[in-house]
Amino acid sequence: MVKNNWPELKFENLKDTLATVQLWTQIVGKIRLVKTPWLNHSWHVTLYVSGMGLTTGSIPYHNGLFQIDFDFTTHQLIITSSANGQQHMNLYPRTVASFYEELFEKLHLLEIDAEIYAKPNEIEVAIPFQKDDIHCHYDEKQIVAFWQALVRIDAVFLGFRAKFSGKCSPVHFFWGGFDLAVTRFSGRTAPKHSGGMPNMPLDVMQEAYSHEVSSCGFWPGNESFPHPVFYAYCYPTPETFKDQPVNPKKAFFSHDLGEFILHYDEVRNAPDPEKFLMDFLQSTYEAAAITGNWDRTALECDFSYLEP
């Protein structure tokens with residue numbers, strides 16, 4: 001841990017561990033997907049940041065509820081059933097195939113039946129989970145740093161979410177893109193999305209973007225863009241969105257990505273990282289709301305007077 005308790009994140013150090021853990025989270029997320037009623041914009045598939053890692057939250061099944069937790073403090077996967085207790089799996093440098101096999105053995109012991117589409121989504125090369133002996137990295141130090149960053153980011157995103165009384169997503173972790181995000185809605189429908197994500201059904205993409213959104217999030221990067229960053233975009237995207245002034249001054253519009261970007265290191269090294277990040281979230285939302293003619297009076301709120 002370093003300045004302001006925001007950990008150092010370097011893509012080069014993170015990438016192998018995150019590539020493996022992303023696939024593990026896809027398996028767990030798909031279990032939540034098939035056992036949970038479909039929510040608008042695929043909100044039923046996500047994970048959430050917790051005090052020990054990432055969690056599915058409660059999932060209904062025939063015996064009651066269960067949940068699956070990535071515990072990055074003890075480096076275990078914990079499956080908890082309201083009817084049949086717990087099962088534990090160790091997290092260590094293991095293949096995706098072995099993780100998949102043991103997880104379904106543990107689910108069977110808890111009398112939880114789940115049949116998933118056993119290939120990754122939103123990844124170019126979609127190796128079936130049961131055959132993936134390539135991804136097998138797990139660096140405890142790196143995954144703890146990533147999780148600790150999520151803990152701090154989640155708190156800022158929750159504060160940002162609290163300022164909006166219109167329809168707004170939870171602060172949630174998408175295992176497809178491997179990003180933490182929160183999305184505000186104008187209340188109006190949007191043009192049909194053209195899709196374009198690898199290994200993602202078009203109808204799922206179109207339902208996800210069925211209404212006008214202003215979305216922001218945190219993404220750890222990839223080989224083409226090897227930097228952990230915060231992002232902000234809107235859909236549909238007004239022509240003048242990219243030209244709007246945003247804060248802080250270190251933020252910029254990426255024409256390649258089609259969204260505003262703020263590097264994680266800029267936030268981490270700021271005198272007040274939380275305020276620095278909040279300025280980015282608020283100003284990029286305003287850019288979307290102004291250029292998209294959102295009814296800000298009806299959608300925005302301030303409940304601070306109710307807080308102790």
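**Close-up views of a predicted model**

**View 1. Strand S9 in its sheet.** S9 is mostly covered, with eight of its nine residues buried. The model shown here and in every view is predicted. S9 pairs with S8 in the antiparallel sense over seven bridges. In that pairing, Leu 180 stands opposite Phe 218 of S9. S9 is also joined to S10 by seven bridges, and these two strands run antiparallel. Here Val 213 stands opposite Tyr 235 of S10.

**View 2. Ser 214, a residue of strand S9.** Ser 214 has its place in S9. Its relative accessible area is 7%, so Ser 214 is buried. Neighbours within four places in sequence are left aside in the contacts that follow. Ser 214 touches Val 182, Thr 183 and Arg 184. It is also in contact with Tyr 233 and Cys 234. Tyr 285, Ala 288 and Trp 294 complete the list of its contacts.

**View 3. Tyr 235, a residue of strand S10.** Tyr 235 lies in S10. Buried or exposed, at a relative accessible area of 16%? Tyr 235 is buried, because buried means under 20% relative accessible area. Tyr 235 stands opposite Val 213 in the pairing of S9 with S10. Val 213 is also among its contacts, once neighbours within four places in sequence are left aside. The others are Ala 190, Pro 191, Lys 192, His 193, Tyr 209, His 211 and Glu 212. Tyr 235 and Glu 212 are 23 residues apart in sequence. In space, their C-alpha atoms are 5.6 Å apart.

**View 4. The open sheet of six strands.** In what order do the six strands of the open sheet lie? The order is S7-S8-S9-S10-S12-S11, with antiparallel pairing. The edge strands are S7 (172-174) and S11 (252-254), each of which pairs on one side only. From one strand to the next, the twist averages 35°. S10 (residues 229-235) pairs with S12 (residues 259-263) in the antiparallel sense, over four bridges. Phe 230 stands opposite Leu 262 of S12.

**View 5. Helices H3 and H6 against the strands.** H3 lies across S7, S8 (179-189), S9 (211-219) and S10. H3 runs at about 25° to S8. H6 lies across S8, S9, S10 and S12. H6 runs at about 15° to S10.

**View 6. Helix H6 along its length.** H6 covers residues 273-291, which makes 19 residues. What span should these residues give at 1.5 Å a residue? The expected span is 27 Å, because the rise is multiplied by one less than the number of residues. The end C-alpha atoms of H6 are 27 Å apart, which agrees. Asn 293 follows H6. The phi of Asn 293 is positive, near 55°.

**View 7. Leu 277 in helix H6.** Leu 277 lies in H6. Its relative accessibility is 0%, so Leu 277 counts as buried. Neighbours within four places in sequence are again left aside. Leu 277 is then in contact with Trp 6, Val 156, Phe 157, Phe 230 and Val 267. One of these, Phe 230, stands opposite Leu 262 in S12. Leu 277 and Glu 266 are eleven residues apart in sequence. C-alpha to C-alpha, Leu 277 and Glu 266 are 9.2 Å apart in space.

**View 8. The packing of helices H1 and H3.** H1 (residues 11-35) packs against H3 (residues 140-161) at an angle of about 80°. Their axes are 9 Å apart. H1 and H3 are therefore roughly perpendicular to each other. H1 makes the contact with Asn 13, Leu 14, Thr 17, Leu 18 and Val 21. H3 makes it with Gln 142, Ile 143 and Phe 146. Which kinds of residue make up the contact of H1 with H3? Five are nonpolar, three are polar and none is charged.

**View 9. The hairpin of strands S5 and S6.** S5 and S6 form a hairpin, with three residues between them. S5 (residues 76-81) is joined to S6 (residues 85-90) by six bridges. The two strands run antiparallel. Ile 79 has Gln 87 of S6 as its bridge partner.

Note on methods
Residues are numbered from 1 along each chain as its sequence is written. This is a predicted model: local features need pLDDT of at least 70, side-chain atom pairs count only at pLDDT 80 or more; totals for chains, interfaces and linings use all residues. Side-chain values use heavy atoms; hydrogens and water are left out. Axes are lines fitted to C-alpha atoms, for helices over the stretch in contact, and angles run from 0 to 180 degrees between N-to-C directions. Angles under 35 degrees count as roughly parallel, over 145 as roughly antiparallel, 65 to 115 as roughly perpendicular and the rest as oblique. Contact means heavy atoms within 4.5 Å. Ala, Val, Leu, Ile, Met, Phe, Trp, Tyr, Cys and Pro count as nonpolar, Asp, Glu, Lys and Arg as charged, and the others, Gly among them, as polar. Two strands pair if DSSP finds at least two bridges between them. Buried means under 20% relative accessible area, exposed over 50%, partly exposed in between (1.4 Å probe, protein chains only).
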